[in-house]
Amino acid sequence: MPDCEMISKCLFFNDKMANMPSTASMLKKKYCQGDFAKCARYTVCKALGRERVPADLTPSQADRAKLLLA
């Protein structure tokens, strides 16, 4: 599976979680380099634009992403 198209611009992927490297690495592998269509950040970015993605939104916060999109 290819990497997420947003990988070079994503604040999360580019070490927003520098203080938690093992957690960040796991999430990056699962979402950024795996099933990025399920990434909350990707979902919000594609629907609302990159500028509307909250800086603290993590890839696993699908419920929060749904609220943002509602």
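Entry 1. I began just past helix α3, where Gly49 takes a positive phi of about 105 degrees; I keep in mind throughout that this is a predicted model.

Entry 2. I then looked back into α3 itself, which covers residues 40–48, and noted that its buried residues are Ala40, Arg41, Tyr42, Val44 and Cys45.

Entry 3. Tyr42 led me to the aromatic rings, for which the count comes to one pair. The ring centres of Phe36 and Tyr42 lie 5.1 Å apart with their planes at 70 degrees, and because an angle over 60 counts as edge-to-face, I entered the pair under that heading. I also checked burial for the two partners, and both Phe36 and Tyr42 are buried.

Entry 4. Next I looked up the largest pocket, whose volume is about 210 Å³. Of the 14 residues that line this pocket, those closest to its centre are Met6, Lys9, Cys10, Leu11 and Arg41. Helix α3 came up again here, since it gives the largest share of the lining, three residues. Sorted by class, the lining holds eleven nonpolar and three charged residues, and no polar ones.

Entry 5. Last, I turned to the chain as a whole, which has four helices and zero strands and reads α-α-α-α along the sequence. Its radius of gyration is 11 Å, close to the 11 Å that the globule rule gives for 70 residues, so I recorded the chain as being as compact as a globular protein of that length. The C-alpha atoms fill a box of roughly 30 × 25 × 20 Å along the principal axes, and 37% of the 70 residues count as buried. Among contacts between residues at least 6 apart in sequence, I noted that 41% join residues at least 24 apart.

How values were computed. Residues are numbered from 1 along each chain as its sequence is written. This is a predicted model: local features need pLDDT of at least 70, side-chain atom pairs count only at pLDDT 80 or more; totals for chains, interfaces and linings use all residues. Side-chain values use heavy atoms; hydrogens and water are left out. Rings of Phe, Tyr and Trp (its six-membered ring) pair if their centres lie within 6.5 Å; planes under 30 degrees apart count as stacked, over 60 as edge-to-face and the rest as tilted. Buried means under 20% relative accessible area, exposed over 50%, partly exposed in between (1.4 Å probe, protein chains only). Helices (H or I, at least four residues) and strands (E, at least two) are DSSP runs, numbered from the N terminus. On a 1 Å grid over the protein atoms alone, a cavity is a set of points where a 1.4 Å probe fits but cannot get out, and a pocket is an open set with protein on both sides within 12 Å along at least five of seven lines; lining residues have an atom within 4 Å of a point. Grid points are joined across faces, edges and corners, and a volume is the space filled by probe spheres set on the points. Ala, Val, Leu, Ile, Met, Phe, Trp, Tyr, Cys and Pro count as nonpolar, Asp, Glu, Lys and Arg as charged, and the others, Gly among them, as polar. The radius of gyration is taken over C-alpha atoms; the globule rule is 2.2 Å times the number of residues to the power 0.38. Contact means heavy atoms within 4.5 Å.
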